[in-house]
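I opened my notebook to look up a handful of places in this structure, one entry at a time, and to write down what I found at each.

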Amino acid sequence: MFLPRLTQRIRQRREKRQKSNLLLVACLLAVLSLDDRKSLRGRYLGSKNIGRTRKQIDDLFQELGSHQRRAYRMSVDQFTDLHEKLLPNLMKEFPTTRKWGRAPNGDIHSKLRLSAALRYYAGGSPLDIMLTHGISKSSVYRSIWGTTDAINATPSLSFNQNNAEFPSHEEQAEIAEGFKLRSRAGFDKICLAVDGMLVWTVQPSAADCEELKVGERQFHCARKDKFGMNLMAGCDHMCRFRCADLRHPGLTSDYLAFATSDLGVQLEHDNNDIIKPGYTMVGDNTWVPRQWMATPIPGHCISGTDDAYNFYHSQVRITIERAFGIFVHRWGILRRPLSMSILKVPPLVMCLMKLHNFCIDSKSSSTPSTLRNDERCIRRIALSRGSTQATHNASAVQLDGRGIPTALIGGGHHYIDLPRNRRPLALNHQTSTPMEMMRNHVAINGLRRPTVNKYVGKRKRS
């Protein structure tokens, strides 16, 4: 009886001694962590970190040399100006204070984070960005999305004054004056040019579709055989975006996307306070003529005043097409499918559109002006094909002798998702609309579509 009791007491003392030793070790570690907290490197005790050397933004500019504008889509002065505008929101997104410890390789400067984001927007690879900037891959993505949120939260980078969703009446008057200077017909009541564009993305995940309550096939645009989202936007005479809506999948038609947007709903309910009286927007045949919308006159065999009106109308409406072209050409990330969650696409695209406006306002010429070259090419192709256009079946765009793209007239599936009688009918021609006033202006002034000079560009024979 005595031996088992003695063995039990020895075991209890041993366990008590082990507990006291563990408590002593814990106290020593706590005291050690308190004393060395200021010099501790790394977020966790014993964590392994890859040593990196942070790149200075001035060194990046110096190494890029004359290619700096092409890399960032803006000059050094414009980069500095943009950083000053974003600095308050960047400090909120990337606070420099930590609960304890320091960054293993030093804090990342806000300019370096902005540089990483702009390189990603311009089409750079995250792996190349982490090597050139001396930051980790996770820091690259944190910089991208933190900068995106900072840009969207900066009031000075909004589409319109006072962070409004649509230009005010004063701004519409300025835009109309700008369109008048660019219109050969002298149209002076145009406040915006509107159209839709497919933002190319990868196939959305099942989890995102479940959260949005939308099927995966709804994001597939059959006409372009791509997954994406339908971006509805309007621009001014300087190709600056003044309104945008990105909430519909790629299968949605342009008309339905606009009709269900906040702007479309207000206009369809005759909210005349949005657009200045007598002013109008211009769009393609996706829309129908309204007091606030001027469209081309449909038909294949129109001539005279209607044909001239369509020509001068398209001369103004093509501004939104040019804006989309500059937009995609400037930010190379849009030239390939966006490989990210579909929930992140709208804030990213809105951020890029605001940066697009900033570059135009700053007079950044990172994208070449190709309007004259395009017109010259169209005329040359039209002259070379002439009346033998029907034999060129392999061409993607068919042009007639005057340089008009005939194969695209009436093309596209703009109303495939609309039930019968869902699309409203055009207004009565007896109703006075800005569109009728524009057509009458063309008729009164005797304007006609310019003819192609077959001898332009040809060398004179000696």
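Entry 1, a loop residue. I began with Asn162 in this predicted model, and I asked whether Asn162 counts as buried or exposed. Its relative accessibility is 79%, and because anything over 50% is called exposed, I noted Asn162 as exposed. I then looked up where Asn162 sits, and I found it in the loop between α7 (137–152) and α8 (169–182). Its backbone also caught my eye, since Asn162 has a positive phi of about 60° although it is not a glycine.

Entry 2, the loop once more. I stayed in the loop between α7 and α8 and turned to Ala153, which has a relative accessible area of 44% and is therefore partly exposed. Which residue did I find 7.2 Å from Ala153, C-alpha to C-alpha, while 64 residues away in sequence? I wrote down Asn89 as the answer.

Entry 3, another positive phi. I next looked up Cys239, which is not a glycine either and has a positive phi of about 65°. I placed Cys239 in the loop between β3 and β4 (241–249). Is Cys239 buried or exposed? With a relative accessibility of 4%, and with the limit for buried set at under 20%, I entered Cys239 as buried.

Entry 4, a strand and its partners. I moved on to strand β1, which covers residues 190–201, and I noted that it is mostly covered, with 11 of its 12 residues buried. Which strands pair with β1, and in what sense? I found that β1 pairs with strand β3 (residues 226–235) in the antiparallel sense, over 9 bridges, and that it pairs with strand β5 (residues 280–282) in the parallel sense, over 3 bridges. To follow each pairing down to residues, I looked up Met197, whose bridge partner in β3 is Leu231, and then Leu192, which stands opposite Met281 in β5.

Entry 5, a charged patch. I finished with the surface, where I asked which residues form a positive patch. I listed Arg11, Arg13, Arg14 and Arg17 as the residues that form it. I took Arg11 for a closer look and found that it lies in helix α1, which runs over residues 2–35. Arg11 has a relative accessibility of 45%, so I recorded it as partly exposed, and this value fits the rule that patch residues have over 30% relative accessible area.

Conventions. Residues numbered from 1 in each chain as written. Predicted model: local features only at pLDDT ≥ 70, side-chain atom pairs only at ≥ 80, totals over all residues. Heavy atoms only, no water. Patch = residues over 30% accessible without salt bridge, like charges linked within 9 Å, V, L, I, M, F, W, Y side chains within 5 Å. Areas by Shrake-Rupley, 256 points an atom, 1.4 Å probe, with all protein chains shown as cover. Salt bridge = Lys/Arg side-chain N within 4 Å of Asp/Glu carboxyl O. Lys, Arg positive; Asp, Glu negative; His and termini not counted. Charge placed at Lys NZ, Arg CZ, Asp CG, Glu CD. Helix = DSSP H or I, 4+ residues; strand = E, 2+ residues; numbered from the N terminus. Buried < 20%, exposed > 50% of the residue type's maximum accessible area, 1.4 Å probe, protein only. Pairing = 2+ DSSP bridges.
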